[in-house]
Amino acid sequence: MSEPKMDKTRRALVAATAAAGAVASAGAAVPFVWSMWPSERARAAGAPVEVDVSRLAPGELMVVEWRGKPVWVIRRTKDMIDSLKMVAPRLTDPESRASAQPPYAKNEVRAVKPEIMVMEGVCTHLGCSPQLKPAEAKAEMGADWVGGFYCPCHGSKFDYAGRVFKGAPAPLNLPVPPHTYLSDAVILIGEDRKGA
Ligand code: FES
């Protein structure tokens with residue numbers, strides 16, 4: 001009898017959450033990661049997903065499933081936002097000219113609000129799910145690491161805006177999905193609405 005099927009994306013999500021959880025248990029200063037799953041019906045329809053970010057503390061990341069893909073929502077700290085300028089010379093496409101994002105996220109922080117980053121957690125090389133590696137992970141990532149994401153499959157590194165570092169196999173920055181702020185606390189992922 002064949003084993004129960006777990007689709008690839010779901011497996012990646014579980015892996016990402018588990019990996020980040022492992023990091024979280026390693027040090028108190030490391031962000032906590034949590035996940036949100038839409039209803040089966042919404043998932044099947046590929047419907048936009050409403051996310052309440054009011055409980056997301058500075059430095060925390062949550063994973064939301066949209067159209068079968070993990071979407072990350074991270075509340076960036078000032079240090080995380082400041083790191084984006086510092087790493088720009090080391091990036092393949094710091095201005096995100098070649099990457100996929102809506103017009104309102106084509107800026108130096110790749111976001112509507114600098115403190116809230118929304119991006120797809122799927123590596124642009126071969127589709128693995130990168131892991132959160134905070135600035136505290138220097139021993140593993142190198143002395144010049146200021147925090148971001150690391151893809152364990154072939155070593156691509158991304159900053160806190162999902163922009164890929166030079167020399168990585170991933171060719172493009174992580175995509176930013178369409179999204180709309182319904183209020184300060186609620187983001188609709190998967191849909192552009194007028195005024196977004
Ligand atoms: S899939 Fe991420 S580096 Fe290859």
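Q: Let's count two strands as paired when DSSP finds at least two bridges between them. In what order do the strands of the open sheet of 3 strands lie?
A: Happy to start there, keeping in mind that this is a predicted model. 4 bridges join β2 (residues 49-52) to β10 (residues 186-189), and 3 bridges join β9 to β10; both of these counts reach the at least two bridges that pairing needs. The strands at the edges are β2 and β9, each pairing on one side only. With antiparallel pairing, the order is β2-β10-β9.

Q: What is the average twist from one strand to the next in that sheet?
A: The sheet in question is the open one with the order β2-β10-β9. From one strand to the next, its twist averages 25°.

Q: Which residue of β10 stands opposite valine 51, and which one stands opposite histidine 179?
A: Valine 51 belongs to β2, where Val49 and Val51 form the covered face and Glu50 and Asp52 the uncovered one. Across from valine 51, in β10, stands isoleucine 187. Across from histidine 179, also in β10, stands isoleucine 189.

Q: How many residues of β3 are buried?
A: In a regular strand the side chains alternate between the two faces of the sheet. Here Leu61, Val63 and Glu65 point one way from β3, while Met62, Val64 and Trp66 point the other way, and all are buried. The count is therefore 6 of 6, with buried meaning under 20% relative accessible area.

Q: Which residue in the turn between β3 and β4 has a positive phi, and what is its value?
A: β3 and β4 run antiparallel, joined by 6 bridges, and they form a hairpin with 2 residues between them. Most residues other than glycine have a negative phi. The exception in this turn is exposed, with a relative accessible area of 53%. It is arginine 67, with a phi of about 50°.

Q: Serine 96 also has a positive phi; is serine 96 buried or exposed?
A: Serine 96 sits in the loop between α3 and β5, and its phi is near 55°. Its relative accessibility is 0%, and the cut-off for a buried residue is under 20%. So serine 96 counts as buried.

Q: Which element do the buried residues of α3 pack against?
A: The buried residues of α3 are Met80, Ser83, Leu84 and Val87. They lie on the same side of the helix because they cover an arc of only 110° around the axis. The face turned away from that side carries the exposed residues Lys78, Lys85 and Met86. The buried residues pack against β4.

Q: Which elements give two or more residues to the largest nonpolar core?
A: This core has 23 residues, and those with the most contacts inside it include Leu61, Trp72 and Phe158. The elements giving two or more residues to it are β3, β4, α3 and β5.

Q: How many residues are in the other core, the one that includes Val64 and Ile187?
A: This core lies apart from the largest one, and Trp66 and Val73 are also among its members. Ile187 is the residue of β10 opposite valine 51. The number of residues in this core is 14.

Q: What is the relative accessible area of valine 176?
A: Valine 176 lies in the loop between β8 and β9. Leaving aside residues up to four places away in sequence, valine 176 touches residues including Ala100, Pro102, Met117 and Met119. Valine 176 is buried, and its relative accessible area is 5%.

Q: Which two cysteines does the disulfide join, and what is its handedness?
A: The structure holds 1 disulfide, with an S to S distance of 1.9 Å. The pair links distant parts of the chain, 25 residues apart: one partner is in the loop between β5 and β6, the other in the loop between β7 and β8. The torsion about the S-S bond is about -90°, so the handedness is left-handed. The joined residues are cysteine 128 and cysteine 153.

Q: What are the relative accessible areas of cysteine 153 and cysteine 151?
A: Cysteine 153, a partner in the disulfide, is partly exposed, with a value of 37%. Cysteine 151 is buried, with a value of 2%.

Terms used
Residues numbered from 1 in each chain as written. Predicted model: local features only at pLDDT ≥ 70, side-chain atom pairs only at ≥ 80, totals over all residues. Heavy atoms only, no water. Buried < 20%, exposed > 50% of the residue type's maximum accessible area, 1.4 Å probe, protein only. Core = buried A, V, L, I, M, F, W, Y, C linked by side-chain atoms within 4.5 Å. Contact = heavy atoms within 4.5 Å. Arc of directions from axis to C-beta. Disulfide = S-S within 2.5 Å. Axes fitted to C-alpha atoms, helices over the stretch in contact; angles between N-to-C directions.
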